[in-house]
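Biologist: Please put the model up, and then we can go through it by question and answer.

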There are 2 protein chains.
Amino acid sequence: MTVDKLPSSAQLKTPKGTRDWVGPDLHLRDYIFQVAGDTFKRHGGVPLDTPVFELRSVLSEKYGEDQRLIYNVEDQGGELCSLRYDLTVPFARWLAMHSNYKQVKRYQIAKVYRRDQPAISRGRLREFYQCDFDIAGVYDPMIPDSEIIRVIFEVFRALKLEVIVKVNHRKILDGLFMVAGVPQDKLRPISSAVDKLDKAAWDEVKQEMVEEKGLPEAVADRVGEYVRRSGTMAQTLEVLRSNPDLMANEDIKAGAADMELLAQYLQAMGVSDIVSFDLSLARGLDYYTGLIYEVVAKPQDGEALQVGSVAAGGRYDNLVGMYGKRPVPCVGLSFGVDRVFTILAARQGGKKKSDIAREIDVYVIAAGGKGFNGLLPERMAVASQLWDAGIRAEFHPKVKPKMLQQFNASVDVPVSVILGEEELEAGQVRIKDARSGDMEAIEKNRGELVKREDMVAEVKKLLARVSLADN
Amino acid sequence: MTVDKLPSSAQLKTPKGTRDWVGPDLHLRDYIFQVAGDTFKRHGGVPLDTPVFELRSVLSEKYGEDQRLIYNVEDQGGELCSLRYDLTVPFARWLAMHSNYKQVKRYQIAKVYRRDQPAISRGRLREFYQCDFDIAGVYDPMIPDSEIIRVIFEVFRALKLEVIVKVNHRKILDGLFMVAGVPQDKLRPISSAVDKLDKAAWDEVKQEMVEEKGLPEAVADRVGEYVRRSGTMAQTLEVLRSNPDLMANEDIKAGAADMELLAQYLQAMGVSDIVSFDLSLARGLDYYTGLIYEVVAKPQDGEALQVGSVAAGGRYDNLVGMYGKRPVPCVGLSFGVDRVFTILAARQGGKKKSDIAREIDVYVIAAGGKGFNGLLPERMAVASQLWDAGIRAEFHPKVKPKMLQQFNASVDVPVSVILGEEELEAGQVRIKDARSGDMEAIEKNRGELVKREDMVAEVKKLLARVSLADN
């Protein structure tokens with residue numbers, strides 16, 4: 001770099017819809033990743049990491065009209081590439097490349113990219129994290145599907161976030177539309193109108209169906225009657241079973257059989273309580289073929305925050321087959337990490353630390369009177385001894401720091417190791433619980449005198465006591 | 001997605017110079033990250049995560065002729081962006097945005113992008129990881145610089161990789177060139193020629209200086225005489241100190257004073273042994289202003305692998321100032337994670353597990369004779385009990401799996417929990433150390449009978465015994 005050239009147009013910001021992560025935000029985000037990753041591993045998940053961009057041909061024709069939201073990499077010669085839009089398509093591409101993998105549970109936690117209008121307050125960015133868990137392969141019906149819901153339950157239980165898992169079945173939904181009289185070519189448009197029922201009133205949705213999508217009003221009314229039903233698995237199944245017109249439809253019959261199994265398995269895994277069987281749930285993406293679900297957070301008392309769904313997914317049995325000869329049925333789950341983050345951060349509220357607060361166990365301090373030389377090499381040697389023992393330690397980066405400077409720099413560090421010339425000559429240092437003391441206290445009571453060779457052991461004991469007292 | 005449309009041109013590969021990470025490779029890579037991250041935190045480092053692309057203006061004019069290797073994001077309207085080329089420039093941009101941060105140690109482990117010719121066998125890709133630790137702010141001379149070398153020492157000690165840290169000082173190098181008679185405008189070109197001395201013979205380098213860069217032969221010879229010296233800190237300092245011509249140069253004098261301090265601090269931190277003061281070390285990037293260093297791995301006996309430097313960095317005091325009014329002196333370090341990975345993977349050698357091997361503690365097995373119904377809900381309930389206790393568990397995803405199927409699926413899983421109808425009715429299950437047994441052994445001895453409510457505790461005890469026996 002030519003250091004004398006100042007780039008005139010360099011704006012000091014991150015690109016629109018992106019952000020830096022640092023400090024407490026980063027720790028909270030990593031905590032969410034940790035909880036999710038541990039849960040996935042507990043269920044036999046293996047991690048996968050794919051490139052941030054894929055060949056453009058791999059992404060094309062996968063996302064319908066959302067295709068326009070894909071970020072392309074500039075054509076600078078060579079292959080045409082685009083940034084990944086989700087983690088499902090890279091997973092399907094990877095699966096198709098490895099036809100020897102018969103059954104696999106994979107998870108991936110990574111950033112994805114969408115040229116969408118950002119809504120930062122609601123946790124919607126152009127660069128954001130997804131956290132996906134998918135089960136691929138041929139299994140007996142609904143067994144992996146129910147395990148996915150168990151995974152959802154475990155993750156949100158660990159995050160102490162109360163959620164409802166809304167479920168539905170693509171075959172039931174399509175069957176309902178057919179019985180209501182929706183023509184075959186209008187199934188997807190009507191499905192996407194119905195999907196808005198969680199946010200819009202029935203009248204609006206009906207208007208869209210009739211006026212925009214040209215559905216006869218009587219058909220729209222029948223659709224409304226069918227899909228506006230939700231309840232426990234047993235309740236909604238009863239709605240279907242008790243209506244012979246519906247059960248005469250092969251798709252509804254097959255879907256209801258799946259949901260019957262699901263109800264039984266959810267019961268066995270102890271997660272029936274969080275599930276609501278909601279016939280209006282439709283999910284946007286075309287590639288789902290069976291169970292679909294969407295997870296919404298229950299607002300706490302007084303919480304106005306609406307962040308949409310915090311996780312979603314479903315069964316997609318035909319996607320992988322698009323890349324090769326081999327169809328691989330899959331069922332998957334995607335967590336909206338940034339939305340979960342937004343809720344948890346809002347609940348944490350005010351107690352926010354500095355973005356650059358570091359976590360250190362021991363501060364190594366030099367003390368001395370007249371002619372004091374700062375004892376820098378000695379502080380370095382003592383810090384090195386602590387680092388060797390895996391203890392997080394710092395010292396003041398000045399040759400001759402004043403006591404006040406060292407004291408200010410050591411705020412929030414629980415233990416001090418204090419060096420003095422006389423003690424060092426006798427092969428000793430002082431260690432001190434530094435949490436409560438002000439500087440005068442340190443000046444008066446410089447802590448417990450220990451031999452240099454016992455220092456690490458004594459510091460560890462003191463850290464254990466401090467940590468106990470803090471919890 | 002329209003599932004009936006097959007994308008004709010979808011090639012089943014990742015883009016050139018990129019790869020998927022999964023299985024043992026991913027675990028080894030994450031282990032390297034873990035070791036580095038723990039070390040950075042031990043020294044008070046705070047993590048930073050920046051967007052994968054930056055405003056193009058932030059990256060422009062930072063990389064000299066390597067600018068052409070930057071990946072641009074296509075102009076689809078809105079801001080012009082490019083993928084990050086390294087982690088240093090995003091760090092400098094972030095620092096410049098936060099003028100209240102006076103002193104900070106930050107680390108970042110993330111992928112960077114270069115449109116370079118990939119050399120996969122040597123661990124050089126177009127998408128690759130960097131792992132950076134930088135200390136920013138005004139400190140007394142050489143204190144953070146020496147801590148960086150201590151960090152290098154700790155990371156490679158933990159990775160059990162023997163390394164040599166070659167160090168030099170930009171001021172000394174420039175001073176040597178000036179004393180040798182290199183004109184001011186040829187300093188950087190001659191510096192980049194000298195940088196090749198670790199790979200090329202002196203004759204070749206001299207030829208480049210004289211024929212390509214137009215340096216008089218006598219000047220080139222003097223350069224050669226000066227820079228082809230290396231040794232311990234003390235030895236190379238003595239080479240400088242004993243030559244009055246050199247010490248008369250202000251730059252050399254200032255650089256030597258820095259290196260004198262560094263020698264003293266490295267001694268105090270116990271890391272003198274791994275350092276070689278090499279006057280030919282030049283480092284490509286123009287933005288270094290003081291100490292520079294490059295870490296090379298010592299090949300083990302019989303190891304032919306040459307992967308270049310495994311870490312490198314230096315002091316860059318003017319970079320942050322380019323983005324704002326405030327100069328922030330920095331010294332930093334970048335690990336070549338993929339190169340370290342290549343060495344460690346080669347040393348691990350043959351004992352490679354399947355890419356999709358998962359790590360599970362307990363396999364829940366159903367056993368039964370005639371009229372056996374598979375006990376699926378019971379297996380689900382027992383697995384849920386184990387998951388609730390944080391134990392990694394699986395069961396066979398068939399309604400009525402055969403014993404042989406369950407046995408084959410549970411290979412490598414240390415503990416089995418075996419369910420039988422009679423035992424379940426009595427509120428009991430069997431638990432069994434499954435490492436040594438073949439299927440017949442399981443058929444004969446179905447393990448220890450325990451009460452359902454004691455199962456978790458007994459499984460934990462057995463897992464502890466198994467883990468002890470394995471270590």
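**Interface, sheets and salt bridges**

Modeller: 108 residues of chain A are in contact with 109 residues of chain B. This is a predicted model.

Biologist: How much area is buried between chain A and chain B, and what share do carbon and sulfur atoms give?

Modeller: The contact involves 108 residues of chain A and 109 of chain B. The area buried between the two chains is about 9400 Å², and the part given by carbon and sulfur atoms is 61%.

Biologist: How many salt bridges are counted between chain A and chain B?

Modeller: One of the pairs between the chains is K398(A) with D140(B), whose closest N and O atoms are 3.8 Å apart. That pair counts because the cut-off for a salt bridge is 4 Å. Between chain A and chain B the count is 18 salt bridges.

Biologist: Which helix gives the largest share of the side of chain A that touches chain B?

Modeller: Between the two chains, 42 residue pairs are in polar contact, both residues being at pLDDT 80 or more. On the side of chain A that touches chain B, the largest share is seven residues, and they come from helix α13 (residues 376-388) of chain A.

Biologist: What is the make-up by class of the side of chain A that touches chain B?

Modeller: Helix α13 of chain A supplies seven residues of this side. By class, the side of chain A that touches chain B has 34 charged, 22 polar and 52 nonpolar residues.

Biologist: Which residue of chain B stands opposite L48(A)?

Modeller: Strand β2 (residues 46-49) of chain A and strand β1 (residues 21-22) of chain B run antiparallel and are joined by two bridges. Opposite L48(A), in β1(B), stands V22(B).

Biologist: Which strands stand at the edges of the sheet that contains β1 of chain B?

Modeller: The sheet is open, with 10 strands in the order β8(A)-β9(A)-β7(A)-β10(A)-β11(A)-β12(A)-β6(A)-β5(A)-β2(A)-β1(B) and mixed pairing. Each edge strand has a single partner, so one side of it is left without a neighbour in the sheet. The edge strands are β8 (230-231) of chain A and β1 of chain B.

Biologist: Within that sheet, which residue of β11(A) stands opposite I292(A)?

Modeller: Strands β10 (residues 291-297) and β11 (residues 309-316) of chain A pair in the antiparallel sense over five bridges. In β11(A), the residue opposite I292(A) is G314(A).

Biologist: Which strands are at the edges of the sheet of five strands in chain A?

Modeller: This open sheet has the order β14-β13-β15-β16-β17, and its pairing is mixed. Its edge strands have a single partner each, so one side of each is without a neighbour in the sheet; they are β14 (393-395) and β17 (448-451) of chain A. From one strand to the next, the twist averages 30°.

Biologist: Which residue is the bridge partner of V362(A) in β14(A)?

Modeller: Strand β13 (residues 362-366) of chain A runs parallel to β14(A), and three bridges join them. The partner of V362(A) in β14(A) is A393(A).

Biologist: Which residue of β17(A) is the bridge partner of R430(A)?

Modeller: Strand β16 (residues 428-433) of chain A pairs in the antiparallel sense with β15 (residues 415-419) of chain A over four bridges, and V417(A) stands opposite I431(A) there. β16(A) also pairs with β17(A), in the antiparallel sense over four bridges. In β17(A), the partner of R430(A) is L449(A).

Biologist: How many residues apart in sequence are the parts that R42(A) and E154(A) tie together?

Modeller: Over all chains, the whole structure has 66 salt bridges. Among them is the one between the side chains of R42(A) and E154(A), at 2.8 Å from N to O. R42(A) lies in helix α1 (residues 23-42) of chain A and E154(A) in helix α4 (residues 143-158) of chain A, so the pair ties together parts whose separation in sequence is 112 residues.

Notes:
Residues numbered from 1 in each chain as written. Chains lettered and ligands numbered in written order. Predicted model: local features only at pLDDT ≥ 70, side-chain atom pairs only at ≥ 80, totals over all residues. Heavy atoms only, no water. Contact = heavy atoms within 4.5 Å. Buried area = accessible area lost by both parts, 1.4 Å probe. Polar contact = N/O pair within 3.5 Å; in protein donor to acceptor, adjacent residues only side chain to side chain. Nonpolar A, V, L, I, M, F, W, Y, C, P; charged D, E, K, R; others polar. Pairing = 2+ DSSP bridges. Axes fitted to C-alpha atoms, helices over the stretch in contact; angles between N-to-C directions.
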